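Hi,

Here is the structure I promised to pass on. Have a look at it first, and my notes follow below.

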Amino acid sequence: MTLKEILNTNDRFAACNGIQLTEVREGYARAEMTVTNDHLNAGGVCQGGALFTLADLALAAVMNSRGRLTFGLGSSISFLHSAKVGDHLVAEAEETLNHHKIPYCEVKIKNQDGDLVCAITGTAYRKDTPMQYDQLM
């Protein structure tokens, strides 16, 4: 099974929210979702938790793309532009620092018009345990 299949199947929260990984390479991942009524907050725009979940799935793919089990330590998110129903969002995560124990990544979420919706940074802890997958995609 590929890393992409493992995360798309086993991250049930992301899957239930219509979020899917669409690309995984060593040090890079892309996840996508289309905003529905179920993603809206009381103000009528996409809820921050939905945006964070989109970014988190891409982060998980990047952090685990080096073949070792890696878990998030901390993340920071900045909301820059609202997303509304029908918007197609793409999260692109790139590993900025491939540290053997504490890698660092940046994620940018953009809408279909290329507007930057939010920016996320994340650190993780990389264990010595192998992440079991056949290939990335």
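**What I found**

Lys108 touches Val90, Ala91, Glu92, Leu116 and Cys118, leaving aside residues up to four places away in sequence. Please keep in mind that this is a predicted model. Lys108 belongs to strand 5. Is this residue buried, partly exposed or exposed? With a relative accessible area of 47%, Lys108 counts as partly exposed, because that class runs between 20% and 50%. Thr121 is 13 residues from Lys108 in sequence, and their C-alpha atoms are 8.9 Å apart in space.

Next, the interior. The largest nonpolar core has 36 residues, and those that touch the most other members are Leu21, Met33, Leu54, Leu89, Val107 and Ile109. Two or more residues each come from helix 1 (3–10), helix 3 (48–64) and strands 1 (20–25), 2 (28–34), 4 (88–97), 5 (104–110) and 6 (116–130). Helix 3 gives the largest share, 10 residues. In soluble globular proteins, nonpolar side chains tend to be buried together.

If you want one core residue to click on, try Met33: not counting residues up to four places away in sequence, Met33 touches Gly18, Ile19, His39, Cys46, Ala50, Leu54, Asp87, His88 and Leu89.

Finally, the helix pair. Helix 1 and helix 3 pack at about 145 degrees with axes 11 Å apart, and the crossing is right-handed. Leu3, Leu7 and Asn8 of helix 1 meet Leu57, Ala60, Ala61 and Asn64 of helix 3. By class, this contact has five nonpolar residues, two polar ones and no charged ones.

Best wishes

Note on methods. Residues are numbered from 1 along each chain as its sequence is written. This is a predicted model: local features need pLDDT of at least 70, side-chain atom pairs count only at pLDDT 80 or more; totals for chains, interfaces and linings use all residues. Side-chain values use heavy atoms; hydrogens and water are left out. A nonpolar core is a set of buried Ala, Val, Leu, Ile, Met, Phe, Trp, Tyr and Cys residues joined through side-chain atoms within 4.5 Å. Buried means under 20% relative accessible area, exposed over 50%, partly exposed in between (1.4 Å probe, protein chains only). Helices (H or I, at least four residues) and strands (E, at least two) are DSSP runs, numbered from the N terminus. Contact means heavy atoms within 4.5 Å. Axes are lines fitted to C-alpha atoms, for helices over the stretch in contact, and angles run from 0 to 180 degrees between N-to-C directions. A crossing is left-handed if the near helix is turned anticlockwise from the far one by less than a right angle, and right-handed if clockwise. Ala, Val, Leu, Ile, Met, Phe, Trp, Tyr, Cys and Pro count as nonpolar, Asp, Glu, Lys and Arg as charged, and the others, Gly among them, as polar.
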